[in-house]
Amino acid sequence: MTNPGTTTNPGTTQPQTVAAGGTAPATVDAPWPVALLSNKIRGYIERLGTVWVEGEVTQWGASGGNVYGKLKDLSDEATVSFTIWSSVRSRLTGDFKQGDRVVALVKPSYWVKGGTLTMQVFELRHVGLGDLLERLERLRKQLASEGLFDAARKKPLPFLPHCIGLVTGKDSDAEKDVIRNAQLRWPAVTFHVAHAIVQGDRAAAEVAAAIARLDADPEVDVIIVARGGGDFQNLLAFSDEGVVRAAAACTTPLVSAIGHEADRPLLDEVADMRASTPTDAAKRVVPDVTDEFNRVQQARARLSTRLTGILAQEIDRVSQLRSRPVLSDSAWIIGSRSEDLTRYVARGTELAERIVERAGAAVVDLRSRLRALSPQGTLDRGYAIVQVPGGAVLQAPAEAPSGLNLRITVARGTLTATSTGAETSTSTAPTK
């Protein structure tokens with residue numbers, strides 16, 4: 001291995017010393033080593049310092065947080081490689097991709113070991129159209145963060161608007177397309193047209209004012225903002241913050257019909273519905289009278305079929321009910337239950353007679369027992385009840401002194417007597 005400070009003569013094998021620092025010019029007899037050349041190249045390049053360059057990104061690849069790409073001249077066939085370290089990438093404010101036109105603050109860097117030249121990027125910005133896109137993207141993110149693009153804010157369109165508010169250029173094809181297609185679909189629809197300049201410096205203010213004016217009109221059911229397309233610069237008015245906020249504040253449903261499918265101004269994001277063209281807006285806002293008539297006819301046919309089916313089903317049910325015995329012959333229940341009724345009546349009569357017979361025997365028995373216990377039975381056997389004045393029953397002769405009036409009750413009546421006093425007798429009265 002040869003010392004970096006030495007070289008050999010091609011005709012000999014003896015090394016020759018190069019002047020210190022490599023300041024001596026290189027010759028065929030005293031060439032520079034590759035390392036010396038590489039270091040000198042790196043020194044020359046590093047003295048260039050940082051520089052702003054403009055070009056188109058033709059390659060953009062991320063790896064490990066870093067970006068490696070290529071930047072091409074806008075008009076000539078010249079390309080340089082660039083590197084964006086992760087620390088720089090985290091500070092970039094825009095979203096970059098292949099095809100973007102940019103300006104970059106770069107510093108040339110020569111990699112000695114690989115012998116490659118690359119540009120280390122410190123700042124990166126969109127320019128021209130890219131600059132406008134970057135500003136619009138920042139505005140889009142701001143408005144989205146405020147919730148102006150949320151689906152929950154979007155209002156449904158009326159099914160059949162009687163009056164449509166139209167914001168468009170005066171005598172424009174967009175105005176004619178919307179009115180013609182809407183009235184072809186529903187001839188009775190009417191329009192309140194608010195003309196405005198749709199491109200240029202005054203366009204945004206006039207469009208915002210027209211939206212506010214139609215929103216305040218009580219007859220307007222829905223608002224269409226229409227323009228017949230155009231390039232990006234011509235549509236900038238419909239991405240203006242004032243227009244977008246006017247549309248967001250609108251209480252009337254609003255349809256954005258700006259340009260074609262490729263165009264996407266910010267008004268499309270905040271509108272309640274986006275239509276690709278003015279003609280498409282008319283079709284979305286106004287129903288087709290022929291289609292609606294056909295739907296009504298189809299609905300009537302379905303209703304008729306359904307009602308016919310229900311009636312037929314109910315007729316069958318009534319016929320089935322009428323065919324049952326309980327409804328076909330109303331006397332069947334009497335005939336089938338007459339024997340049971342006769343049997344129940346006979347059984348009831350028999351039970352009633354038995355109960356009466358038993359009750360009669362019980363009455364006789366009770367009468368006999370009552371008579372046996374009654375004082376009348378005692379009188380019927382020849383006894384009498386003697387009562388002194390006052391109603392007390394005479395119990396002993398001493399209770400009836402001579403001359404006392406007595407009341408004597410016998411079996412068949414009452415009589416009075418006068419006591420002659422107690423009877424003296426030597427015989428003993430029989431005891432009962």
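Where does Asp171 lie? Select Asp171 in your viewer and you'll land in the loop between S8 and helix H4 (173-185). Helices (H or I, at least four residues) and strands (E, at least two) are DSSP runs, numbered from the N terminus. Before you go on, know that this is a predicted model, in which local features need pLDDT of at least 70, side-chain atom pairs count only at pLDDT 80 or more, and totals for chains, interfaces and linings use all residues. Residues are numbered from 1 along each chain as its sequence is written, and side-chain values use heavy atoms, with hydrogens and water left out.

**Stop 1: Asp171**

Stay on Asp171 for a moment. Its phi is positive, about 55°, although Asp171 is not a glycine. Asp171 counts as exposed, at 58% relative accessibility. Here, exposed means over 50% relative accessible area, buried means under 20%, and partly exposed is in between (1.4 Å probe, protein chains only).

**Stop 2: the whole chain**

Zoom out and colour by secondary structure. You should find 12 helices and 15 strands in the chain. Of its 432 residues, 30% count as buried. Now think about contacts, meaning heavy atoms within 4.5 Å. Among contacts between residues at least 6 apart in sequence, 56% join residues at least 24 apart.

**Stop 3: helix H1**

Select residues 34-46, which make up helix H1. How far apart are its end C-alpha atoms? They are 18 Å apart, which agrees with the 18 Å expected for 13 residues at 1.5 Å a residue. The expected span is 1.5 Å times one less than the number of residues. Next, highlight Leu36, Ser38, Lys40 and Ile45, which are buried in H1. The buried residues of H1 pack against strand S6 (101-111) and strand S7 (116-126).

**Stop 4: the largest nonpolar core**

A nonpolar core is a set of buried Ala, Val, Leu, Ile, Met, Phe, Trp, Tyr and Cys residues joined through side-chain atoms within 4.5 Å. In soluble globular proteins, nonpolar side chains tend to be buried together. Show Val225, Leu254 and Leu267: of the 32 residues in the largest core, these touch the most other members. The elements giving two or more residues to this core include helix H3 (129-145), strand S8 (163-168) and strand S10 (222-227). Its largest share, six residues, comes from H5.

Click on Val225 and show what surrounds it. Leaving out residues up to four places away in sequence, Val225 touches ten you can pick out, among them Val167, Phe238 and Leu267. There is also a second, separate core of 17 residues, which includes Phe191, Ile224, Val255 and Ala281.

**Stop 5: Leu143**

Now select Leu143, which sits in helix H3. Is Leu143 buried or exposed? At 0% relative accessibility, Leu143 counts as buried. Apart from neighbours within four places in sequence, Leu143 is in contact with Leu148, Phe149, Val244, Arg245 and Leu266. Try a distance label too: the C-alpha atoms of Leu143 and Glu241 are separated by 8.7 Å, although these residues are 98 apart along the chain.

**Stop 6: salt bridges**

Side chains of opposite charge can pair when their charged atoms come close. A salt bridge here is a side-chain nitrogen of Lys or Arg within 4 Å of a carboxyl oxygen of Asp or Glu. By this rule there are 18 salt bridges.

Keep Glu241 on screen and add Arg245: their side chains meet in a salt bridge, 2.9 Å from N to O. Glu241 and Arg245 are four residues apart in helix H6 (residues 241-248), so about one helical turn separates them. Glu241 is partly exposed at 31% relative accessibility, and Arg245 is partly exposed at 32%.

Move on to helix H11 (residues 332-373), where Arg354 and Glu350 also lie four residues apart, about one turn of the helix. The closest N and O atoms of their salt bridge are 2.6 Å apart. Arg354 counts as partly exposed at 40% relative accessibility, and Glu350 does at 31%. For a network, select Glu137, Arg140 and Glu269, which are joined by salt bridges that share partners.

One more pair is Glu123 and Arg125, with a salt bridge of 3.1 Å from N to O.

**Stop 7: the cavity**

Finish with the empty space inside. On a 1 Å grid over the protein atoms alone, a cavity is a set of points where a 1.4 Å probe fits but cannot get out, and lining residues have an atom within 4 Å of a point. Grid points are joined across faces, edges and corners, and a volume is the space filled by probe spheres set on the points. The structure holds one cavity of 30 Å³ or more, and the largest cavity has about 80 Å³ of space. To see its lining, select residues including Leu148, Asp150, Arg153, Leu254 and Asp272.

Methods:
1 Å grid on protein atoms, 1.4 Å probe; cavity = no way out; pocket = protein on both sides within 12 Å on 5 of 7 lines; lining within 4 Å.
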